[in-house]
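Let's take a friendly walk through this model, starting with a charged pair and ending in the core.

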Amino acid sequence: MNEPTRRRFIEAAAVSNLLGVGTDESTDFAFKNNVPDPLLAGPELPTFKFELEKSTGKVDGKSYGKEATVEQLPISKGIAGVSMVLEPGVMRELHWHATAAEWAFVIEGRVRTTVISPTGGSEINDFEPGDVWYFPRGHGHVLECLGNKPTHFILIFDNGYFSEFGTFSISDWIGHTPKAVLAKNFGVAESTFDNFPKEEVYFGRGAVPPDKPPPPLQGPQHAPPLTHKFRLLAQHPHAVYKSGREWRVGANLFPISTTITGVILDLDPGALRELHWHPTADEWQYVIEGQVNVSMFGSHGRYRIETLNKGDVGYIPQGYGHSIENIGKKPCRVLLGFNTGHYEGIDLSTWIAANPKSVLATNFSKPEALFEKFPHKQVFIAPS
Ligand code: MN
Ligand code: MN
């Protein structure tokens, strides 16, 4: 069972327990019939928008982390996100995430990451705008701002219950472990730890890191077999249309990224990323530039449109119909994250084109000739 499936299984089991039918058989039934999330079972669809950049988050000087988890955006059970800025000389300290993998897209500035793998090797990489990283669940890492300008990046986690502010930090751990244990662990004097931080550091402050990364304590890097870095916007878009383009990276191009696919979608003014759905993943959205209307169709006549401005987050549950339309006067750019390494989507134009016109005529009680006028292949991005 893969992770998203396992999570849904657990949720389905929880629902059947709530209903007092928690036998193995009914849990099985609930899972196979995909019991709806109670949040999505009401007569109206809940909001799927959160104004991330307008929230406060955790601030330290001009560095900050703002998060969108189920607490801020209850619908977003499958994916959490964070907007983070680090000033020059600031690092996001050594930490790991017990319950989520981390995917990132750099918007501004430069970042250096060092990540440990269970093989004992580490990889040090420098990132620029348009670059992506992926750290598997539980792999320890540190993020350092490079150079004399701040860096801004968006983090995506494959678990909506994950909180960036509930991560496992090295200072927190060492600060709460008895000095005698630390002294024995590292073979140094207890007094070594006299002035270590007692609480989590979170943002560390120091000198701007050197241009060339110094070698690790253990000597030259012996990097894990799979790299954690992918230069997304340095590639040609995987699809170009008259009124927009899309870059997409999943496990096919970036093998370590087994649980997340990332997309950068550019739409010209008035362009529409057409009505579609994703059979196997939830979709997390962050507007990097511009203003869009996002529609969501939730069956039983339930339809909702949210306007997302620059810095806002949207969320579409797996299987729900949706579209994205640029309603501004300038081109827009949206970051999309999916909690699967293997992206799948079905577009409405493709579905219609894949049926005989006799079927469509009967379905809509219209003459067959009408459907000749419909596209005979996928639209994907419709022009203004
Ligand atoms: Mn992290
Ligand atoms: Mn989509």
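Lys 179 is partly exposed because its relative accessibility is 33%, where partly exposed lies between buried (under 20% relative accessible area) and exposed (over 50%), with a 1.4 Å probe and protein chains only. This is a predicted model, in which local features need pLDDT of at least 70, side-chain atom pairs count only at pLDDT 80 or more, and totals for chains, interfaces and linings use all residues. Residues are numbered from 1 along each chain as its sequence is written, and side-chain values use heavy atoms, with hydrogens and water left out.

Lys 179 forms a salt bridge with Asp 194; the term means a side-chain nitrogen of Lys or Arg within 4 Å of a carboxyl oxygen of Asp or Glu. The whole structure holds 19 salt bridges, including these:

| Pair | N to O distance |
|---|---|
| Asp 194 and Lys 179 | 3.0 Å |
| Arg 112 and Asp 126 | 2.7 Å |
| Arg 205 and Asp 60 | 3.4 Å |

Arg 112 is buried, at 2% relative accessible area, whereas Asp 126 is partly exposed at 25%. A network of salt bridges links Lys 49, Glu 51, Lys 54 and Asp 312.

Now for the interior. The largest nonpolar core (buried Ala, Val, Leu, Ile, Met, Phe, Trp, Tyr and Cys residues joined through side-chain atoms within 4.5 Å) has 50 residues, and Trp 103 and Leu 335 are among those touching the most other members. Leaving aside neighbours within four places in sequence, Leu 335 has contacts (heavy atoms within 4.5 Å) that include Trp 103, Phe 105 and Trp 284.

Note on methods:
Chains lettered and ligands numbered in written order.
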